Amino acid sequence: MEILLDQIRSQPAYRALLDALKAGQSLTGLGLPRAARLPVLAALHADLGQPVVLVTDRADHALQLHDEMAFWLPEVARYLFSEPNPLFYEEAAWGNATRRERLQTLTTLARYHLPFAEKPSMPPVIVTSARALMTRTLPRRDFLKASKQLKVGQNIPPKGLLEEWLRIGYQPAETVLEPGQFSHRGGLLDIWPQPESRPMRLDFFGDEIDAIRVFDPASQRTVEKLESILVTPAREFVLSGKSDVSDHLSEFHISLLHGFPASLLEYLPSGSLVMVDDLSLLESAVVEFEEQAVKFRSESIAEGTLEAGFPVPYIPWPELADRLQDCSCLEMGHSTAEEMVGGQESKGSLSAEFGHIERFGGRLKPFIEFLAHIVSGGNSVVVVSRQASRLQELWAEQTTEDGRQTSGLDPSSVIFVEASLSAGWQLGNLLLVTDSEIFGWERPQPRTRPRPSAETPEMAYADLNPGDWIVHVDYGIGHFAGLGRRTLEGLEREFLCVEYQNGDQVYVPIHQADRLTRYVGPGGA
């Protein structure tokens, strides 16, 4: 990986780009091919030494970029600032995973602004999508004000801590089992801050914190002792006082509880770099989400499920575009790139230095011959493949015989790496070749989950109780009303009854019970 990044750094166009960014100059789009965008970002991140935010149009693209970033920046903390599950103006839970990913990002950036917090040892890289970026969040000032450092030896009443944790979104529990919970037993307070991998236990002697320990939630055993911890909000909203504590409030109410429309961009420290995958696609996505939101708002107001004066829960494109201009912002795509000359990128641009690789469609013999031809010309090759070991064997057969080098080729001139990238490129005398060029494979999508195995029809309703929410494949979400018998065409049969609005009912034959599934909300609830 370092060989590839060093090759990018050696290009005069890259050095000019780096100097311009350090000088704070406004730059046009780079017009880079997609395969070159992440390695250029990785090089800039290392050379600038500042947090980098990568903004793309869609959530699946953000997930793919975040996953592939692990190859280029294996030692750097990477965060996915994900988008909420509900639509704008839809009152529904965000889900624990979404809430945790977003708060991990905000907490990491907040450390740059909190005078008592330890700054990240290495600047993070954050990947986000259009809808995630435009979704309003807790204003930075309120987030920082609600963040507290607790130290061993500090005097603070436990009761006051409990009230504060409720105010900033933590939920009381008998035993702390997941992030965002706290519990109280005698002189012990347990809390699991959202960004942390394990919960913490505060041991009090009166009003003094006697010890702080990290513990395993399964065994309850101490893992590590700490001198201090940072507790930040567990939700993207905070309540104004203990009298306002209410279980029915959620992220749906962010725009009601906090008047200032804040986004992730407000949390970035000075010197951060925002890199946009493609500005025109980003704008199109934001405008499309706005149009959907306006339509849904009108329908909700007409149905009486939304107040007419409900504040806008997102940041519109004109305002978002202004905020991007206020940042050090650089487009990697073509929307704002300089005009091409004769169908080619302007001479001297960084994008013009990247070339394409021949495609082989799984024909391995021509591929090995291609490697031999490239290497004999004094070039170097890095092969990144899920079949790296097999390809390395074939290359060894081409270049050695009985352990001795043959044909004048240096076996070490080709580096094989077991990994997966979306595509390759050529830059000067160095080639990056991936499965896309060798086999025509696409990079596997991240976080795919195996489909559940088939079950007998009885399993679809065996654990259902009247009143449970269930989903019919054709009619959607309704209440399960229980089993019943009806006579149709002279035959008595057993049916599952599903109730809908206005008393409407659907009767599902037992043998079609697989058309019903239990409703599962965001986060598995």
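A residue counts as buried when its relative accessible area is under 20%, and because Y89 has a relative accessible area of 7%, Y89 is buried. This residue belongs to a predicted model, and its place is in the loop between β2 (78-81) and α5 (96-110). The backbone of Y89 also deserves attention, since its phi is near 75°, a positive value in a residue other than glycine. Most residues other than glycine have a negative phi.

Q220 offers a second case, with a phi near 65° that is again positive in a residue other than glycine. Q220 lies in the loop between β9 (208-215) and β10 (222-226), and at 28% relative accessibility Q220 counts as partly exposed.

**The chain as a whole**

The chain holds 15 helices and 25 strands, and its C-alpha trace spans about 80 × 75 × 50 Å along the principal axes. Of the 525 residues in the chain, 46% are buried. When contacts between residues at least 6 apart in sequence are considered, 67% of them join residues at least 24 apart.

**Helix α3 and its neighbours**

Helix α3 covers residues 34-48 and packs against helix α4 (residues 59-72) at an angle of about 60°, with the two axes 10 Å apart. That angle makes α3 oblique to α4, and α3 passes α4 in a right-handed crossing. On the α3 side the contact involves L38, P39, L41 and A42, which meet L65, E68, M69 and W72 of α4. Sorted by class, the residues of this contact comprise 7 nonpolar, no polar and 1 charged.

Helix α1 (residues 2-9) also packs against α3, here at an angle of about 80° and with the axes 10 Å apart; α1 and α3 are therefore roughly perpendicular to each other. The contact is formed by L5, I8 and R9 of α1 together with P39, V40, A42, A43, A46 and D47 of α3, and its residues divide into 7 nonpolar, no polar and 2 charged.

How much of α3 is enclosed by the rest of the structure? Because 11 of its 15 residues are buried, α3 is largely enclosed. The buried residues run from A35 through A36, R37, L38, P39, V40, L41, A42, A43 and L44 to H45, so that P39 and A42 of the α4 contact are among them.

**Helix α10 alongside α3**

The table sets out the length of each of these helices and the residue that follows it.

| Helix | Number of residues | First to last C-alpha | Expected at 1.5 Å a residue | Phi of the following residue |
|---|---|---|---|---|
| α3 | 15 residues | 22 Å | 21 Å | G49, near 65° |
| α10 | 25 residues | 36 Å | 36 Å | G304, near 85° |

In α3 the reach is close to the expected value, and the reach of α10 (residues 279-303) is likewise close to what is expected. The phi of G49, which follows α3, is positive, and the phi of G304, which follows α10, is positive as well.

The buried residues of α10 are L282, A285, V286, F289, E290, A293, R297 and S300. An α-helix has 3.6 residues a turn, so residues three or four places apart point the same way. What covers the buried residues of α10 includes the strands β1 (52-56) and β12 (273-276), together with the helices α6 (130-134) and α11 (317-326).

Key
Residues numbered from 1 in each chain as written. Predicted model: local features only at pLDDT ≥ 70, side-chain atom pairs only at ≥ 80, totals over all residues. Heavy atoms only, no water. Axes fitted to C-alpha atoms, helices over the stretch in contact; angles between N-to-C directions. Helix = DSSP H or I, 4+ residues; strand = E, 2+ residues; numbered from the N terminus. Parallel < 35°, antiparallel > 145°, perpendicular 65-115°, else oblique. Left-handed = near helix turned anticlockwise from the far one by under 90°. Contact = heavy atoms within 4.5 Å. Nonpolar A, V, L, I, M, F, W, Y, C, P; charged D, E, K, R; others polar. Expected span 1.5 Å × (residues − 1). Buried < 20%, exposed > 50% of the residue type's maximum accessible area, 1.4 Å probe, protein only.
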